[in-house]
Every structure is written in C-alpha cells, then in structure tokens.
Amino acid sequence: MGKKHKKVVVLPCSGIGKVFGALARETAYELVERVRPGVATTTCLPLLVINDPEAVAKVKENPVITIDGCPKECARKSVEAAGGRVAKAHEAIKFYKEHKDLKPEGVAEVTETGRKLAEIAARELAKEVDELAAGEEK
Amino acid sequence: MDIQVAKVGVVSCSGEEIPEGTLCRLACRKVLDERPGETVTICLPLFIAGGEEERTFAQNYPTITVDGCDKMCAAKATEMLSGKPARSLSVPEILKKHGLKPPDKLRHFGAGEEAAVQAVAEEIAKAVDEVLEEE
C-alpha cells in the first residue's frame, strides 16, 4: 500500500468554448461539493500557469486527477509542467461515450442533461478518489 | 482583395476554485457570443499546453484579460507567455464600481447572479470598443 493522502486534487480543463470543458468543470464541482467533499479538492488551473507557489505545492503534495475537455490536454500538461504528479488522466468525452443517452449541451455551463452526466461521472471518479486517498493507487 | 476585420482577443481567468472565476467565464462567453465578428478567445492554459500558434495569440490580437481575483492569472500569464495585454480588467473592481456583491457559488448561476454577469460583460464590451477604436 502506498502513502495515504488527506486530499486528492481534481483538476478540470479551463475550456471556455467547448461543451466537454464545461462537463469537465461540472464533474469536478460535483466531486468536490457533493460526492467527496473534504477529500476531493480543486485549484485554479491558471494559478499553475503562473507558477503560484500555493497551487504548485498542492499538486506536488497530493495525487491529482485531471479531467480534460479536448485532446490538447491542458489540465494534464499544466500539472506536469508545474512538477505535479498526475495519478489519473481523463477526457470528459469518454463519459458521454459510455452514456450516449445523456448528450451534454451548453458551453459556459452545462444544461440539465450535462448535469446528470456529470453526476454519473463524479460517482465513477469517486472510486479513484477513494483509492488514491487510501494509498491504493492502481 | 481580402478585407481584414480587426478582432480583439478576450482571455478569461477560469478560476475553478472561486465563484468569480465562473463569473469571468460567463461574462466573457456572453461577449464572445454577442460579438462573434469582433472577438476571439483562447483557453488560458494553452499558453503552456499549446503550440506556437497559441503562444503568439497576444501578438496577433490586441488582448483584453479578465481576472477574478487579485492574483491576476490571466493578465500575468498573457504577458509572461504571449504578449502584453491591451487592457486588464478585474472582476472585484468592476463589482465594486457597480455596487454589486460577488457571487457566492461556484456553479449553476441563475437570476441572482445575472446582474453581476451583465455588469462584467458590459465592461468587457466597452473595453472591446475602446481597443477596436485604437486599432
């Protein structure tokens, strides 16, 4: 068993122009606010871009799950550029591919269907949060 | 002959950790949607994760940055990694100027946040007008 962690950082894409960026963000909030409050936490991705010491320390000291909105993978690459460790990397589109009946819509924020999909995605990711917090990374 | 239409770049803080970050995104998105012929945007982390095309964004377009807190990530990242912004807007300053309270939630903005979104969008649109005039 690996090191136990008090926090697991869930970092979504910052995308401002694509529905899967909005889905990534909604999924991260669902985890942080409702599904795993107190364990799942997040930080502002742009803080990593400017090398903010607190944000950099957060992704260096805790395992990070990234949820990207497009293949450019800004979240994953930004964590790696800051010297953090990406424990799990996801693209939000995969949740839609697995649940084709829930097509997300909305760009700045997802609409009702996207919120339902984010709830499901967050529950799925909660297992990874639990494993990482317990030091049982696979 | 092609006619070059001037466009202004709008770079939003995404502030995942603070309500003002969501406010930034919604206000920027509103301006981008309402003025598609005059504005373009870029996802801020692409300055690091993207290629040459993304890093030259602020050299190709006069840029307005919109930040949600005093760390001013959008302004700093744009200047450090792409080029000096033409204007740097701060959401806390805009809210103060308009006598509005900052939002208190991270998502699912509705009627209670509409005035704040509208005020920030108006300030961005005003800055777009000013920058286009200077161009």
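**Entry 1: the sheet of chain A**

I started with β1(A) and β3(A), which run parallel and are joined by four bridges. On that pair, I found A:V10 standing opposite A:I65 of β3(A). A reminder to myself: this is a predicted model, in which local features need pLDDT of at least 70 and side-chain atom pairs count only at pLDDT 80 or more, while totals for chains, interfaces and linings use all residues. Residues are numbered from 1 along each chain as its sequence is written, and chains are lettered from A and ligands numbered from 1 in the order in which they are written.

In which order do the four strands of chain A lie? I read β2-β1-β3-β4, an open sheet with parallel pairing (two strands pair if DSSP finds at least two bridges between them). At the edges I noted β2 (40–41) and β4 of chain A, each pairing on one side only. The names come from DSSP runs numbered from the N terminus: helices are H or I of at least four residues, strands are E of at least two.

**Entry 2: helices of chain A**

I then followed α1(A), which lies across β1, β2 and β3 of chain A and runs at about 155° to β1(A). For angles, I kept in mind that axes are lines fitted to C-alpha atoms, for helices over the stretch in contact, and that angles run from 0 to 180 degrees between N-to-C directions.

How do α1(A) and α6(A) pack? I found an angle of about 60°, with the axes 8 Å apart; α6 of chain A spans residues 112–133. The two helices are therefore oblique to each other (under 35 degrees is roughly parallel, over 145 roughly antiparallel, 65 to 115 roughly perpendicular, and the rest oblique). Their crossing is right-handed, as the near helix is turned clockwise from the far one by less than a right angle; anticlockwise would be left-handed.

I listed some residues of this contact, among them A:L23, A:E26 and A:L31 of α1(A) and A:L117, A:A121 and A:L125 of α6(A) (contact needs C-beta atoms, placed from the backbone, within 7 Å). By class I noted 11 nonpolar, two polar and five charged residues. Nonpolar here means Ala, Val, Leu, Ile, Met, Phe, Trp, Tyr, Cys and Pro; charged means Asp, Glu, Lys and Arg; the others, Gly among them, are polar.

Is α4(A) mostly covered or uncovered? Mostly covered, I found: six of its eight residues are buried, including A:C74, A:A75 and A:V79. Buried means 20 or more other C-beta atoms within 10 Å of the residue's own, exposed 12 or fewer, and partly exposed in between, with C-beta atoms placed from the backbone. The buried residues of α4(A) pack against β1 (8–12), α2, α3 (53–61), β3 (64–68) and β4 (86–91) of chain A, together with α2 (46–49) of chain B. After α4(A) comes A:G83, with a positive phi near 90°.

**Entry 3: where the chains meet**

I looked up the interface next: 27 residues of chain A are in contact with 30 residues of chain B. On the chain A side, α1 (19–35), α2 (45–49) and α4 (74–81) each give two or more residues. That side divides into 14 nonpolar, six polar and seven charged residues.

**Entry 4: chain B**

Chain B also gave me an open sheet of four strands, with parallel pairing in the order β2-β1-β3-β4. Its edge strands, β2 (39–41) and β4 (87–90), each pair on one side only. Neighbouring strands are turned by 25° against each other on average, direction ignored. Helix α1(B), residues 19–34, packs on this sheet, touching β1 (8–12), β2 and β3 of chain B.

Which residues of β1(B) are buried? I found B:V8, B:V10 and B:S12 on one side and B:G9 and B:V11 on the other, so to speak a strand covered on both faces. B:V8 has B:T39 of β2(B) as its bridge partner. On β3(B), I saw B:T65 opposite B:S88 of β4(B).

α1(B) packs with α7(B), residues 111–134, at about 55°, the axes 8 Å apart. That makes α1(B) oblique to α7(B), and the crossing is right-handed. The contact has 12 nonpolar, no polar and two charged residues.

My last stop was B:G99, in the loop between α6 (91–97) and α7 of chain B. Why does B:G99 count as exposed? Because B:G99 has 8 C-beta neighbours inside 10 Å. I also noted that the C-alpha atoms of B:G99 and B:A116, 17 residues apart along the chain, are separated by 9.6 Å.

Conventions
Contact = placed C-beta atoms within 7 Å.
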